Amino acid sequence: MAISDEEANQVIAAIEQALPQESLEPGRDAIADFLQQWHAEIEAGRPIDRKLKVAESPGLDELAGVPRARASSTGEFVGKKDYRPTERLDLLLEALGLSFVAPPMMAARFLETVERYRVDEANENPATISLAPTGEVGNPALQLDRATIDQATEAVIPLSRVLDELSRETGIRDRLTDVEEKA
């Protein structure tokens, strides 16, 4: 079932109303940042390249007293076309999935890859991946292990279900939301 522009606007308004409430919780500043970035993208619109041909008035040849030959110039300009409500909804759903659902999925696949290539002696202990900012040595900024990834996955399952349902119900498109299968 395709969604109308009016219904898309209603869904967007409901999502926008629900997200700031979540951002009041400690550690949820990312949601407010996410919404600001999405609004900026929507305001920027879809860039449209246009070539314009402008006729120039050559004026009068002072010596001959006759008009000079006409000339024209062309220029490329970038305009903007506003996104339709269904496109804005699609962008919002995609951004929510990439921002909140995809990171636990990526972490799980990364840990699976590390575990696949571990040496046999290390297989007895659970794998822990320590990540530090580029060029820094010392205390890692983040440590990933199976328990941490499973906890993050469990936290995004409700959002994953909602995104999947909205995508199916609106008929916009299918999304990569198989986070539940990994849990």
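**Entry 1, a pair within α4.** I began with R168, which forms a salt bridge with D164, and I noted 3.2 Å between the closest N and O atoms. I keep in mind that I am reading a predicted model. Both residues, R168 and D164, sit in helix α4, 4 residues apart, which is about one turn of the helix. I then looked up the accessibility of D164 and found a relative accessible area of 25%, so I entered D164 as partly exposed.

**Entry 2, the whole structure.** How many salt bridges does a search of the whole structure find? I recorded 5 salt bridges from that search. As a general reminder to myself, side chains of opposite charge can pair when their charged atoms come close.

**Entry 3, a pair between helices.** I turned next to E115, which forms a salt bridge with R146, with the closest N and O atoms 3.5 Å apart. Because E115 belongs to helix α3 and R146 to helix α4, I noted that this pair ties together parts that lie 31 residues apart in sequence. I checked the accessibility of each partner: E115 is partly exposed, at a relative accessible area of 29%, and R146 is also partly exposed, at 28%.

**Entry 4, a network.** Which residues are linked with R84 in a network of salt bridges? I found R46 and E87 linked with R84 in that network. For the pair of E87 and R84, I wrote down a distance of 3.3 Å between the closest N and O atoms. The relative accessible area of R84 is 46%, and I therefore listed R84 as partly exposed.

**Entry 5, the nonpolar cores.** I moved from charged pairs to the largest nonpolar core, which has 20 residues, and I looked for the members that touch the most other members: these are I15, L19, L89, L92 and L96. At least two residues of this core come from each of α1 (5-23), α2 (29-44), α3 (85-116) and α4 (146-170). Of the contributions to this core, that of α3 is the greatest, with 6 residues.

I then followed L92 in more detail, and, leaving aside its neighbours within four places in sequence, I found L92 in contact with I12, I15, F34 and W38. I also noted a second core, separate from the largest one and made up of 7 residues, including A107, A108, A127 and L144.

**Entry 6, looking back.** I return to α4 once more, since my notes place R168 and D164 there, and the helix also supplies at least two residues of the largest nonpolar core.

Conventions
Residues are numbered from 1 along each chain as its sequence is written. This is a predicted model: local features need pLDDT of at least 70, side-chain atom pairs count only at pLDDT 80 or more; totals for chains, interfaces and linings use all residues. Side-chain values use heavy atoms; hydrogens and water are left out. A nonpolar core is a set of buried Ala, Val, Leu, Ile, Met, Phe, Trp, Tyr and Cys residues joined through side-chain atoms within 4.5 Å. Buried means under 20% relative accessible area, exposed over 50%, partly exposed in between (1.4 Å probe, protein chains only). Contact means heavy atoms within 4.5 Å. A salt bridge is a side-chain nitrogen of Lys or Arg within 4 Å of a carboxyl oxygen of Asp or Glu.
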